[in-house]
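Hello,

Here is the structure I promised to pass on to you. Please have a look at it first, and then read my notes underneath.

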Amino acid sequence: MAASKPVLDGLFAVNKPTGMSSAQVIRDCQEQFNPSTFFKPMIDEQRAQRGQESNTKKRRRGYGKNDIRVKMGHGGTLDPLATGVLILGLGKGTKSLQSFLDCTKTYETVVLFGASTDTYDRVGKILKKTSYDHITKPMVEEALNGFRGKLQQMPPLYSALKMEGKPLYEYAREGKPIPREIATREVTVTDLELVEYYEPGTHDHRWPAEDATQFEKSFAEQVWKIEKDQMTKEKRTPEEEEEEKAALERYERVKQKADERVDELVYDKNNKRHKKDKSPPMMMSGALGDHPPEKKQGKGSNLLPPPHDPNTPPPWTDKGPPAARIRMTVTSGFYVRSFCHDLGAKIGSSAMMAELSRSRQGDFKLGTENCLEYHDIMKGEEVWAPQVEAALMQWHEKSKPGAAQAPKRAEPVTSPKLKSIESPPAKRKASEEPASEEVAPKRKKSKSASPQPRKKTEKDTEEEWKGFDDPAVPQQDGAKA
């Protein structure tokens with residue numbers, strides 16, 4: 001019975017926890033799925049396919065890729081700070097992931113006013129602090145009107161760091177202008193609402209404690225000025241040009257002092273030649289034996305700094321800045337952190353993204369049967385197996401009208417190499433009689449009387465292939481981990 005169990009593949013979603021990368025979620029799922037009984041048919045199928053491969057193909061796969069595991073991918077990454085819907089593909093289901101990269105998504109974010117960071121969120125470094133006493137709920141609601149519909153959005157500061165293969169900060173360090181405009185993208189906000197407004201002193205969100213270096217602040221100001229020029233398309237006055245020149249001179253003086261610190265703090269990659277210390281860890285005085293082995297976490301398991309200590313005083317002396325919880329439905333490519341940053345500028349202050357949750361992506365929603373909790377997967381096969389099976393069965397039920405095999409069956413109609421095949425076997429009898437009518441006006445005239453193959457009309461094609469067309473199913477692989 002176990003040998004005849006079918007291979008289950010398809011799509012399901014996981015509620016990604018905060019602090020974890022999307023790739024780490026896949027690695028953790030594979031750690032659960034690979035040795036399981038549920039996915040044994042998929043593993044056995046891959047093992048059989050590998051056994052039939054040539055030695056050349058095995059060598060071409062490369063070192064470290066010969067292990068057999070459950071094939072998985074995701075349909076759009078989530079930042080470590082974010083939580084919510086992460087669509088995962090299993091086996092042949094990974095081919096359907098590409099379609100979810102372009103679907104609409106619903107997010108819920110908390111915007112914290114009064115300061116901006118280099119990453120536009122609460123885990124970056126403070127670039128500037130601004131006043132926030134004037135901010136009110138009606139002011140935020142009014143500002144949201146400028147973000148509805150279609151708009152050109154500038155990517156976050158650290159998402160636009162390379163231009164023509166060179167990091168933008170390198171242009172700044174060399175005192176050179178950025179060679180061209182920073183590319184924007186057109187996005188659409190179909191729904192935008194203020195869910196809750198937090199008055200000062202009524203929330204626990206805080207700015208990060210670390211300040212950016214002077215070089216980083218100067219670099220950010222330069223990029224923001226370029227962004228403002230691009231979005232407004234206004235030329236600077238001679239007075240502004242002089243101010244810009246003086247600012248660049250000040251920047252050059254600061255740059256000379258900051259170069260060494262920048263290399264160490266921010267931008268240089270780790271030296272791969274540095275040898276790791278292989279000496280055994282030091283033990284506490286009086287310790288007996290070895291330390292108990294600790295469970296090794298993946299490299300993407302905890303990518304956020306620890307939360308602030310509630311006993312430490314906040315970074316302000318008054319009640320602090322207000323915050324706002326905002327829900328939005330947007331098209332693909334929308335940067336929520338850029339929205340938070342731009343919202344702060346629009347109300348005459350600054351802002352950062354304090355929280356982010358993706359509550360929906362396409363047909364996958366939090367709290368539904370097709371979106372599993374990450375912690376349930378970590379509890380073991382007896383917990384996750386029935387949930388994964390139900391989610392995959394639901395996916396297959398929804399995809400039935402689309403029939404993924406239809407594109408292959410549609411080839412005989414359009415392929416010139418298969419002229420002898422006029423229709424699928426199941427509908428041959430239904431299509432032969434209309435074919436004779438197309439050849440000659442008389443019904444009883446035989447097919448042999450016309451040497452020319454008939455040309456099928458669009459109507460005939462629709463009648464023959466009704467129920468098999470599937471233009472929406474993509475034929476390329478989805479995003480792989």
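**P314 and its surroundings**

P314 is partly exposed, with a relative accessible area of 35%. Please keep in mind that this is a predicted model. P314 lies in the loop between α7 (238–267) and β11 (323–330). Its C-alpha atom is separated by 9.3 Å from that of A209, although the two residues are 105 apart along the chain.

**The chain as a whole**

Now for the wider view. The protein chain has 481 residues, and 40% of them count as buried. Its secondary structure consists of 14 helices and 15 strands. If you take the contacts between residues at least 6 apart in sequence, 80% of them join residues at least 24 apart. The accessible surface of the chain comes to about 29,700 Å², and carbon and sulfur atoms account for 51% of that.

**Strand β1**

Strand β1 may be a good place to begin your own tour. Seven of the seven residues in β1 (residues 10–16) are buried, so the strand is largely enclosed by the rest of the structure. Both of its faces are covered. On one side sit G10, F12, V14 and K16, on the other L11, A13 and N15, and all of these are buried.

Which strands does β1 join? One is β3 (residues 83–90), which runs antiparallel to β1 and is joined to it by seven bridges. In that pairing, G10 has L90 as its bridge partner. Another is β14 (residues 371–373), which runs parallel to β1 and is joined to it by three bridges. Here N15 stands opposite E373.

**The nonpolar cores**

F12 of β1 comes up again in the largest nonpolar core, which has 67 residues. F12, F33, I326 and F339 are the residues with the most contacts inside that core. Strand β10 (residues 185–198) gives the most to this core, with six residues. The core also draws at least three residues from each of domain 1 (1–53 + 66–102 + 362–411) and domain 2 (104–234 + 317–360).

If you would like to look around F12 itself, its contacts beyond four places in sequence include F33, L86, I87, L88 and L90. Also among them are F364, N370, L372, I377, A391 and L392.

There is a second, separate core of 14 residues, and L127, I182, A212 and F219 are among its members.

**S116 and the cysteines**

Is S116 buried or exposed? With a relative accessible area of 0%, S116 is buried. This serine is placed in strand β5 (residues 115–117). Setting aside neighbours within four places in sequence, S116 is in contact with K125, I126, L127 and K128, as well as W224, H341, S350, A351 and M352. One of these contacts, L127, is also a member of the second core.

As for the cysteines, a search of the whole structure finds zero disulfides. Two that you might want to inspect are C103 and C340: C103 is buried at a relative accessible area of 14%, while C340 counts as buried at 0%. The cut-off behind both calls is a relative accessible area under 20%.

That is what I have for now. Enjoy looking through it!

Best wishes

Definitions and conventions: Residues numbered from 1 in each chain as written. Predicted model: local features only at pLDDT ≥ 70, side-chain atom pairs only at ≥ 80, totals over all residues. Heavy atoms only, no water. Helix = DSSP H or I, 4+ residues; strand = E, 2+ residues; numbered from the N terminus. Buried < 20%, exposed > 50% of the residue type's maximum accessible area, 1.4 Å probe, protein only. Contact = heavy atoms within 4.5 Å. Areas by Shrake-Rupley, 256 points an atom, 1.4 Å probe, with all protein chains shown as cover. Pairing = 2+ DSSP bridges. Disulfide = S-S within 2.5 Å. Core = buried A, V, L, I, M, F, W, Y, C linked by side-chain atoms within 4.5 Å. Domains from an automatic or database assignment.
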